[in-house]
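Thanks for coming. I will go through one model today, starting with a single residue and working outwards to the ligand.

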Amino acid sequence: MQDPNSAEVDVTRVLVTGVRGKTGKPLAELLVARRGVEVRGGSSDPSTVGIEGVRPTAFSWDEPSGWAAATDGVDAIFVVRPDRADAPELIGALLAGTSPRTRVVLLSDKDGDYPDPDHPGCAGWAPRAERTVRDSGRPWTILRPGWFMQVFTDPRFYRDQIVDTGELPFPSGGATVAWIDARDIAAVAERALLEDGHTGRTYQISGPEALSLPRTAELLSAAAGRPVTHRDVTIDEAVAGSEGFARELSTLTFERVRAGSFAEVTDTVERVTGHPARTLRTFLSDAGPALRRVGR
Ligand SMILES: NC(=O)c1ccc[n+]([C@@H]2O[C@H](COP(=O)([O-])OP(=O)(O)OC[C@H]3O[C@@H](n4cnc5c(N)ncnc54)[C@H](OP(=O)(O)O)[C@@H]3O)[C@@H](O)[C@H]2O)c1
């Protein structure tokens with residue numbers, strides 16, 4: 001793969017799956033800013049992909065018949081692991097249809113090899129998804145981030161509760177979380193997709209500090225312009241409304257939060273990108289307006 005900053009006219013083609021998502025979008029924005037990089041933005045609803053310079057590309061885990069067109073001629077793929085039971089098989093089938101030279105960067109999860117004997121519905125699921133990539137025969141890098149700061153501003157997660165009720169219901173059991181800005185995960189992914197030196201690496205990625213949930217709520221309060229209180233709900237309360245695999249995976253994730261699995265602070269972002277990971281305060285000063293009632 002050529003140096004994307006060189007004067008060469010060669011083009012590096014990258015497929016970003018999940019381009020509407022929390023990591024996919026900032027990654028696509030970084031990639032289009034690089035010279036000589038052509039970005040395909042994969043989404044099940046490509047008509048909603050409005051990132052300047054990105055080629056909207058039909059890509060759905062439910063429609064394998066479209067994968068050949070989405071991956072045709074690509075040099076690298078950013079794979080956002082779909083949180084569904086058949087993710088390992090789907091990822092394996094996707095990669096099997098690509099050229100063996102295709103660089104693969106998988107967005108996995110903190111400690112992707114965590115034991116989960118109490119959850120037969122998702123036992124061995126995360127390790128199998130990672131193993132599929134390692135065994136694919138393609139040059140690979142695996143990203144294992146902790147909880148994203150973007151969950152606070154995403155209406156599919158906590159935004160509406162924060163804005164409408166001033167509450168952050170999160171079953172931490174007193175544990176801390178080293179929240180990571182998805183823009184920093186994207187920056188690590190950008191390097192791994194375009195540069196040599198990351199093949200065969202598994203990166204644990206965290207933000208720069210582990211925060212308690214009450215401290216997190218304090219910072220959210222300042223951004224929201226109103227008091228936000230942390231409520232240490234039970235895990236059952238936190239997963240209410242979900243069922244099946246999604247419920248089991250969320251339950252396991254919160255158990256891991258309570259066990260302190262997301263408290264570890266790593267220097268991966270700075271080591272790989274040369275820039276320190278953003279603090280929650282910095283994230284909120286950029287994204288905080290989404291938490292204000294005014295304008296909604
Ligand atoms: N969230 C976290 O804190 C966290 C932490 C560690 C690891 N992870 C892992 O990272 C992966 C991605 O999780 P995520 O939570 O960050 O999901 P995400 O990438 O924000 O969204 C996942 C997908 O949902 C679809 N989608 C549906 N409605 C959407 C909307 N309104 N806006 C944007 N996308 C929408 C998009 O696919 P289409 O365009 O195809 O519909 C998108 O790619 C998962 O494997 C997860 O386990 C997440």
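**Aromatic pairs, ligand and buried contacts**

Let me start at Phe245, which sits in helix 9. Keep in mind throughout that this is a predicted model. Phe245 has a relative accessible area of 15%, so it is buried; the cut-off for that word is under 20%. Across the sequence, Phe245 and His119 are 126 residues apart, yet their C-alpha atoms are 9.7 Å apart in space.

How many aromatic pairs does the structure hold? The count is twelve. One of them involves the residue I began with: the ring centres of Trp125 and Phe245 are 5.1 Å apart and the planes meet at 65°, so this pair is edge-to-face. Edge-to-face here requires planes over 60 degrees apart, with centres within 6.5 Å. In sequence the two partners are 120 residues apart, with Trp125 in helix 4, residues 125-134, and Phe245 in helix 9, residues 244-258; the pair therefore links distant parts of the chain. Trp125 and Phe245 are both buried.

A second pair is formed by Trp147 and Trp179. Their ring centres lie 6.2 Å apart and their planes are at 85°, so this pair is edge-to-face as well. Where do the two tryptophans of this pair lie? Trp147 is in the loop between strand 6 (140-145) and helix 5 (159-165), and Trp179 is in the loop between strand 7 (167-169) and helix 6 (182-194). They are 32 residues apart in sequence, so the pair ties together separate parts of the chain. On burial, Trp147 comes out at 12% relative accessibility and counts as buried. Trp179 has a relative accessible area of 1% and is buried too.

These two rings also belong to a cluster. Which residues form it? The members are Trp147, Phe152, Tyr158, Phe170, Trp179, Phe254 and Phe262, in one aromatic cluster.

One member of that cluster, Phe170, takes part in a polar contact through its backbone. The side chain of His230 reaches the backbone oxygen of Phe170 at 2.7 Å. His230 itself lies in strand 9, residues 229-231. Is His230 buried or exposed? At 17% relative accessibility, His230 counts as buried.

Thr266 makes a contact of a similar kind. Its side chain comes to 3.0 Å from the backbone oxygen of Gln204. Thr266 is placed in the loop between helix 9 and helix 10, the latter being residues 268-273. With 16% relative accessibility, Thr266 counts as buried.

Now the ligand. There are 19 residues around it, and those that come nearest are Arg20, Ser43, Ser44, Arg81 and Asp83. Which atoms of Arg20 and the ligand lie 2.8 Å apart? On the protein side it is a polar side-chain atom of Arg20, and on the other side an oxygen atom of the ligand. For Arg81 the protein partner is a polar backbone atom, 2.6 Å from an oxygen atom of the ligand. Phe148 also uses a polar backbone atom, which is 2.9 Å from an oxygen atom of the ligand. On its own the ligand has 870 Å² of accessible area, and the protein covers 75% of that. As for the site, the space taken by the ligand is the largest pocket.

I will finish with three buried residues and their partners across the sequence.

Ile185 is in helix 6. It has a relative accessible area of 0%, and so is buried. Ile185 and Leu143 are 42 residues apart in sequence, with 7.9 Å between their C-alpha atoms.

Val269 belongs to helix 10. At 2% relative accessibility, Val269 counts as buried. Between the C-alpha atoms of Val269 and Ala189 there are 10.0 Å, and along the chain 80 residues.

Last, Cys122. It lies in the loop between strand 5 (103-107) and helix 4. Its relative accessible area is 1%, so Cys122 is buried. The C-alpha atoms of Cys122 and Gly244 are 9.8 Å apart, while the two residues are 122 residues apart along the chain. That brings us back to helix 9, residues 244-258, and to Phe245 in it, paired with Trp125 in helix 4.

Note on methods:
Residues numbered from 1 in each chain as written. Predicted model: local features only at pLDDT ≥ 70, side-chain atom pairs only at ≥ 80, totals over all residues. Heavy atoms only, no water. Phe/Tyr/Trp six-rings, centres within 6.5 Å; stacked < 30°, edge-to-face > 60°. Helix = DSSP H or I, 4+ residues; strand = E, 2+ residues; numbered from the N terminus. Buried < 20%, exposed > 50% of the residue type's maximum accessible area, 1.4 Å probe, protein only. Near = heavy atom within 4 Å. Polar contact = N/O pair within 3.5 Å; in protein donor to acceptor, adjacent residues only side chain to side chain. Areas by Shrake-Rupley, 256 points an atom, 1.4 Å probe, with all protein chains shown as cover. 1 Å grid on protein atoms, 1.4 Å probe; cavity = no way out; pocket = protein on both sides within 12 Å on 5 of 7 lines; lining within 4 Å. Sits in = over half its atoms within 2 Å of the grid points.
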